[in-house]
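I opened a new notebook page for this structure. My notes follow the order in which I looked things up.

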Amino acid sequence: MKILKSLLIAGLFVCCYSCKEAPKTEPSVTESTEKSEPVKGKYLAAPTTAVFKNTAVAKAFDQYIVLKTTLVNSNKERAALAADALMTYFANLGVEEQALMLVQSIKESESLEEQRKHFTDLTEQMELIIADGITEGTVYKQFCPMANNNKGAYWLSNSEEVYNPYFGDVMLHCGKVTEEITQ
C-alpha cells in the first residue's frame with residue numbers, strides 16, 4: 001500500500017510539473033517581433049517590409065520601431081534600453097550629433113512623458129535618415145493631433161495600423177496615416 005501511495009504522489013508531481021506553463025518573456029529591445037496586434041495589453045510590432053539601400057539604415061530603422069513599440073507599451077525602462085541600442089546604430093551610421101543627442105535624452109529621461117517629447121524630435125531625424133533610402137516596401141508616417149499638448153506629433157511605423165506611442169493604452173489607436181514613404 002505504501003508503494004502504491006508513493007507512486008500516486010510521484011505521478012501527481014510529474015503531472016503537475018509537466019503541465020507547468022512556460023515562462024513568458026518580452027521581446028528583446030533590439031529585435032522587432034512578428035505580430036502587429038495587442039497581446040494581453042502589449043503591442044508587438046509588425047515585421048518591417050521596407051527594404052533599404054543601406055543595411056545600417058535598415059538596422060537603425062528596425063531599432064527605431066523597437067523604441068516606438070516600448071513607448072506604445074508605456075515602458076520607460078525598456079524605452080531607455082531601446083534608445084541605448086539605437087544610439088549604437090546611429091553612431092555606426094555616422095548620423096548628425098542632434099540625432100545622437102535626442103536618443104541620449106530619451107535614454108536619460110526621468111519620465112515616460114519626457115521620453116515621448118524627445119521621440120517627437122527623433123522622428124524628424126529618423127525621417128531624414130531614411131529619406132531616399134527605401135528600395136521597396138513602405139514606411140508609414142502617422143500623426144496624432146492630440147499629442148504634444150494638442151500641437152500634434154508624428155511618428156514612423158512599419159504598419160498601416162495606428163498604435164500611438166504618445167498615449168499608449170490610453171488612446172492606442174488615436175491617429176492616422178498621413179503619408180506613405182516608398183522608393
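Over residues 31–40, how many contacts beyond four places in sequence does the model have? I found 30 contacts there, with pLDDT under 50 throughout. Contact means heavy atoms within 4.5 Å, and pLDDT is the predictor's confidence in each residue, from 0 to 100.

I noted that this is a predicted model, where local features need pLDDT of at least 70, side-chain atom pairs count only at pLDDT 80 or more, and totals for chains, interfaces and linings use all residues. Residues are numbered from 1 along each chain as its sequence is written, and side-chain values use heavy atoms, leaving out hydrogens and water.

I looked up the mean pLDDT of the protein, which is 83, with 78% of its residues reaching 70 or more. Residues 3–27 have pLDDT below 50, and this stretch has six contacts beyond near neighbours in sequence. Where pLDDT is low, the predicted coordinates should not be read in detail.

Next I turned to the sheet. It is open, with three strands in the order 6-5-7 and antiparallel pairing. Strand 6 (153–157) and strand 7 (176–181) are at the edges with a single partner strand each, so one side of each has no neighbour in the sheet. Helices (H or I, at least four residues) and strands (E, at least two) are DSSP runs, numbered from the N terminus; two strands pair if DSSP finds at least two bridges between them.

I then checked strand 5 (residues 139–144), which five bridges join to strand 7. Lys141 has Glu179 in strand 7 as its bridge partner. Helix 2 (residues 55–72) packs on the sheet and touches strand 5 and strand 6. Helix 5 (residues 112–130) also packs on the sheet, touching strand 5, strand 6 and strand 7.

Notes
Axes are lines fitted to C-alpha atoms, for helices over the stretch in contact, and angles run from 0 to 180 degrees between N-to-C directions.
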